[in-house]
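Work through the exercises below with the sequence and the model at hand. Each task is followed by a solution in steps.

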Amino acid sequence: MEKVNEDTLSTARKVIAVHINYPSRAAQRGRTPEQPSYFLKPSSSLAIGSAEVPSTVERPAGCELLGYEGEIALIIGKAARRLGLEDAWSHVEWVTASNDLGVYDLRYADKGSNLRSKGGDGFTPIGPGLIAADTVNPAGLRIRTWHNGDLVQDDTTEDLLFPFARLVADLSQLLTLEEGDIILTGTPAGASVAKPGDVVEVEVSTGEVTTGRLVTRVKEGTTAFADFGARPKTDDAQLREEAYGSREAVGLSADQTAAVGPVLSQELKAKLESVCTATLSSQLRKRGLNNVSIDGLTSTRPEKRIVGLARTLRYVPNREDLFKTHGGGFNAQKKAIDSVNEGEVLVMEARGEKGTGTVGDILALRAQVRGAAAIVTDGGVRDFSAVAGLEMPTYFANQHPAVLGRRHIPWDTDITIACGGTTVQPGDIIVADSDGILVIPPALADEVAEDSIAQEREETFIAEMVEQGYSVDGLYPLNADWRTKYEQWETDKADD
């Protein structure tokens, strides 16, 4: 059998990877794409691994979540441009095993490109053997992955969302696939996280023919990231869930989003509590986030400022047969209320439907007893006087006496939802005051808080100057002269 060698790596000008292609992975991720989507990995990420000479990959210093994904790699044998489905497979020369490695700790900095998170040196080992594409049925391949000797992925290409010929033909519509280019075709369910000292093995086979095991050993990186670039961030429970593949693998129960590590530290919470939502909103806008406010709601305690992690609950429109199975007993609404943790904000998607209550006095009281920071719903509230009398704020669209079954079915918890015109994910940071309610992505929270504090210091200075009779022309915002005066004002304040 032919083996992957250095020539194989050197002729690969492009490495193209598919996001989701296996039904098992789509079910795990909770989304099934209608069309394939792709990202590029640099050819410098390629490596060769075998049982005799394993490849070695560094988990970068400061990173926690080095994910592995066993995949089938296609190697293009002749140039392909604007192919039809019937001709596409003939342009593939070899099939081999690959491991699409990546650090979730850096994914926030990529904005979907995966360059930092998946482009590192050695992050795409392939091999060791090559199977001739013209000798196999592309729908009859098997992919298996072992983590420290345990079989963790085992799937076939029989029912792919996007068969291999379709991937080749689709890519060729807009770009030329050149000889030696490599296509990573997606990973099945079971991908997870490897730690230093771990060994990951991937094998592709069809009948008795096999690539042999692609072996990769993980070691700890020792060189810290430079202070002028993106640094690892792992303070997001959802990030860990996606890296490990399931809540259970991280240690979360099916109906609970528990913090894994310091998701919202007391220091960050204090910073966010010290600034108003108007300031935070302007800083988010500077970062291109214009749709992060939950709009149209009223607070039972507008004098309070709230900072907490989002827990989510989704209602769907009432359908009588489904309400019988999902509306009674310990339903999703009661589960959400009964599992909310101290300091968390329970956010409800009610589709802006105001014709019924989504929470009443007993359940609101239970949330307060559990230590919830607030309840946010874009639907109605029952027993309004009692709910309004609680110390815990409730943000709501209106009062209404009707119970859930009139318009809603409590359906699911701890999923991505829409509330008040914006998207909310479990683990997002909710900040609310008398001006409104904001949803802050955890990865941005610290820098947004710091810049908001700096902005409010500037505005304190500006307000003092206005009180002294100065015009806002050149003062608001600060021009160069006024900025020099502001910096002196800051120095004087520090010396006091």
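The exercises that follow concern a predicted model.

**Exercise 1.** Determine how helix 14 and helix 15 are oriented relative to each other, and list the residues in their contact.

Solution. Start with the general description: two packed helices are characterised by the distance between their axes and the angle between them. Helix 14 covers residues 442–467 and helix 15 covers residues 480–495. Their axes come within 11 Å and cross at roughly 100 degrees. Angles of 65 to 115 degrees count as roughly perpendicular, so helix 14 is roughly perpendicular to helix 15. Next, the contact: helix 14 contributes Ala454, Arg457, Glu458, Thr460, Phe461, Glu464 and Met465. From helix 15 come Trp482, Arg483, Lys485, Tyr486, Trp489, Glu490 and Lys493. Sorted by class, this contact has 7 charged, 6 nonpolar and 1 polar residues.

**Exercise 2.** Work out the strand order of the open sheet that contains strand 5, and identify its edge strands.

Solution. The sheet has 3 strands in the order 8-5-14, with antiparallel pairing. Strand 8 (102–103) and strand 14 (192–194) are the edge strands, since each pairs on one side only. Strand 5 spans residues 66–68 and pairs with strand 8 over 2 bridges in the antiparallel sense. In this pairing, Gly67 stands opposite Gly102 of strand 8.

**Exercise 3.** Describe the second largest pocket by volume and lining.

Solution. The volume of this pocket is about 330 Å³. It is lined by 14 residues, and those closest to its centre are Pro60, Gly120, Asp121, Phe123 and Phe225. By class, the lining comprises 8 nonpolar, 3 polar and 3 charged residues.

Terms used: Residues are numbered from 1 along each chain as its sequence is written. This is a predicted model: local features need pLDDT of at least 70, side-chain atom pairs count only at pLDDT 80 or more; totals for chains, interfaces and linings use all residues. Side-chain values use heavy atoms; hydrogens and water are left out. On a 1 Å grid over the protein atoms alone, a cavity is a set of points where a 1.4 Å probe fits but cannot get out, and a pocket is an open set with protein on both sides within 12 Å along at least five of seven lines; lining residues have an atom within 4 Å of a point. Grid points are joined across faces, edges and corners, and a volume is the space filled by probe spheres set on the points. Ala, Val, Leu, Ile, Met, Phe, Trp, Tyr, Cys and Pro count as nonpolar, Asp, Glu, Lys and Arg as charged, and the others, Gly among them, as polar. Helices (H or I, at least four residues) and strands (E, at least two) are DSSP runs, numbered from the N terminus. Axes are lines fitted to C-alpha atoms, for helices over the stretch in contact, and angles run from 0 to 180 degrees between N-to-C directions. Angles under 35 degrees count as roughly parallel, over 145 as roughly antiparallel, 65 to 115 as roughly perpendicular and the rest as oblique. Contact means heavy atoms within 4.5 Å.
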